[in-house]
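Let's take a walk through a protein model together. Keep the picture beside you and look up each spot as we reach it.

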Amino acid sequence: MTIPYLRPGEQVVLYDGVCKLCNGWVAFLLRHRLDRRVRFATVQSEEGKTLLRHVSMPVDDIRTIVLIGENGHWLRAQAICRVIKNLHSRWRIFALLRYFPDAVSNAIYNLIARNRYRLFGRYDDVKHLSPDFPERFIAR
């Protein structure tokens, strides 16, 4: 099945574009040379909503990071660990955390996600990050 906006072999990370923590994480991935086959879209964008519908997820009130690829989609800690696996640096070791029981890793993820605006803040509008190459972001 073809995934909207993606070419074969690509993945997309859907993230909260007003969350300062989420934007910081995406900026971290860009600084550390994330594989070019991983692209980004905010959950607030029309493209992000189309991708959420593609994997049968609700488009309103998304409180998690979503990774969508040809082999399925992943949420929360699994999404983060699978994305980290695509880094070209020493950070890849943290991808091994995906082998922790989901109950443990998602409990930690959910605790942070529930408090992310209070702890890290939020933007008034979707923040647009500087891409490391022109087609990194699906929606601008």
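Our starting point is arginine 33, which is exposed because its relative accessible area is 55%, and the cut-off for exposed is over 50%. Keep in mind that you are looking at a predicted model. To find this arginine, follow the chain to the loop between α1 (20-31) and β2 (38-42). The backbone is worth a look here too: phi of arginine 33 is near 55°, a positive value in a residue other than glycine.

Now move along to arginine 76, where phi also has a positive value, near 50°, and again the residue is not glycine. This arginine belongs to helix α3, which covers residues 76-84. Is arginine 76 exposed or partly exposed? It counts as partly exposed, because its relative accessibility is 30% and that label covers values between 20% and 50%.

Next, turn to strand β3, residues 66-69. Val66 and Ile68 point one way from the strand, while Leu67 and Gly69 point the other way. On both sides these residues are buried.

Which strands pair with β3? One is β1 (residues 11-15), which pairs with β3 in the antiparallel sense over three bridges. Another is β4 (residues 72-75), which runs antiparallel to β3 and is joined to it by four bridges. The strands β3 and β4 form a hairpin, with two residues between them.

Isoleucine 68 is a good place to see both pairings. Valine 12 stands opposite this isoleucine, and in β4 its bridge partner is histidine 73.

Conventions: Residues numbered from 1 in each chain as written. Predicted model: local features only at pLDDT ≥ 70, side-chain atom pairs only at ≥ 80, totals over all residues. Heavy atoms only, no water. Buried < 20%, exposed > 50% of the residue type's maximum accessible area, 1.4 Å probe, protein only. Pairing = 2+ DSSP bridges.
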